[in-house]
Amino acid sequence: MERIFRKNGARSGQASFTLVELLVVISIIGLLAGIMVPTISKAMEAGKKAKVKGELTAIVAAVKAYKQEYGQWPVAKSKMDAVADEYSSWYGPPTTESESKDLMRILSGDMTVQKDGQTMNPKGVRFLEGANTDGTFQDPWGNQYCVKMDTNDSGGLEYYGSAGTQENIRVSVIAVSLGKNGTQEDPDKNVAPKGDDVFSWR
């Protein structure tokens, strides 16, 4: 007959954790999760902003390529005339989302968009990738991208005129994401110091 020898005090059967050990392990896991969640959230937000920056750069490049191809801005002539005495004109929020959608359709090669009786992309050149067929081109927070052009070729754009302290931006096209909060803010933080807008020019 086989004898089984066992040290005194050793537990028989399968070893298991005590309640205290389980509580310690759960507490450590909870602590690590509490530390990691904000870090992961910040990393995800940084990733979204990097994606937005790339898309804004692509929009600006597409508008400039359109102007080089057709010798004019991708907007209605009446719209250019209406802002002849201003620095620039908005396409998309904070004016209307439909204007931004029309612009994205034009840049995406849609040959059906007409403005003032003029076909805006008669050659069907695809200057921009990423927009939907209806012109929807949204940032990761669900806001349509905004575009502003120096439609009267004055040599500069004014992004946030109501602040009264900012000089004109010396570029011909800018694109903006209104960020997570979906509202237009001052790029120099004069009005909204905690603003989350993303800008193509910086």
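## Exposure and the model

A residue is called buried when its relative accessible area is under 20%, exposed when that area is over 50%, and partly exposed in between. Keep those cut-offs in mind as you look around this structure, which is a predicted model.

## A salt bridge along helix α1

Let's start with K51, whose relative accessible area of 47% makes this lysine partly exposed. Its salt-bridge partner is E55, with 3.1 Å from N to O. E55 is buried, at a relative accessible area of 16%.

How far apart are K51 and E55 in helix α1? They are four residues apart in that helix, which spans residues 19–70, so about one helical turn separates them. This pair belongs to a wider set, as the structure holds seven salt bridges.

## D102 and its partners

Helix α3 (residues 97–107) offers another case: R105 and D102 are three residues apart there, again about one helical turn. Their side chains form a salt bridge at 3.6 Å, N to O. R105 is partly exposed with a relative accessible area of 22%, and D102 is partly exposed too, at 21%.

D102 also meets K115 in a salt bridge, with an N to O distance of 2.6 Å. Because K115 sits in strand β2 (residues 114–115) while D102 belongs to helix α3, this contact ties together parts that are 13 residues apart in sequence. Through shared partners, salt bridges link D102, R105, D110 and K115 into one network.

## Aromatic pairs around F127

Turning to the rings, the structure has five aromatic pairs. One of them joins Y66 and F127: the ring centres are 5.6 Å apart and the planes meet at 65°, so the pair counts as edge-to-face. Y66 comes from helix α1 and F127 from the loop between β3 (118–119) and β4 (146–149), so the contact ties together parts that lie 61 residues apart in sequence.

Are these two residues buried or exposed? Y66 is buried, with a relative accessible area of 0%, and F127 is buried as well, at 17%.

F127 has an aromatic partner in Y70 too, in an edge-to-face pair with 6.4 Å from centre to centre and 70° between the planes. Since Y70 lies in helix α1 and F127 in the loop between β3 and β4, this pair ties together parts 57 residues apart in sequence. Taken as a group, Y66, Y70 and F127 make up one aromatic cluster.

Terms used
Residues are numbered from 1 along each chain as its sequence is written. This is a predicted model: local features need pLDDT of at least 70, side-chain atom pairs count only at pLDDT 80 or more; totals for chains, interfaces and linings use all residues. Side-chain values use heavy atoms; hydrogens and water are left out. A salt bridge is a side-chain nitrogen of Lys or Arg within 4 Å of a carboxyl oxygen of Asp or Glu. Helices (H or I, at least four residues) and strands (E, at least two) are DSSP runs, numbered from the N terminus. Buried means under 20% relative accessible area, exposed over 50%, partly exposed in between (1.4 Å probe, protein chains only). Rings of Phe, Tyr and Trp (its six-membered ring) pair if their centres lie within 6.5 Å; planes under 30 degrees apart count as stacked, over 60 as edge-to-face and the rest as tilted.
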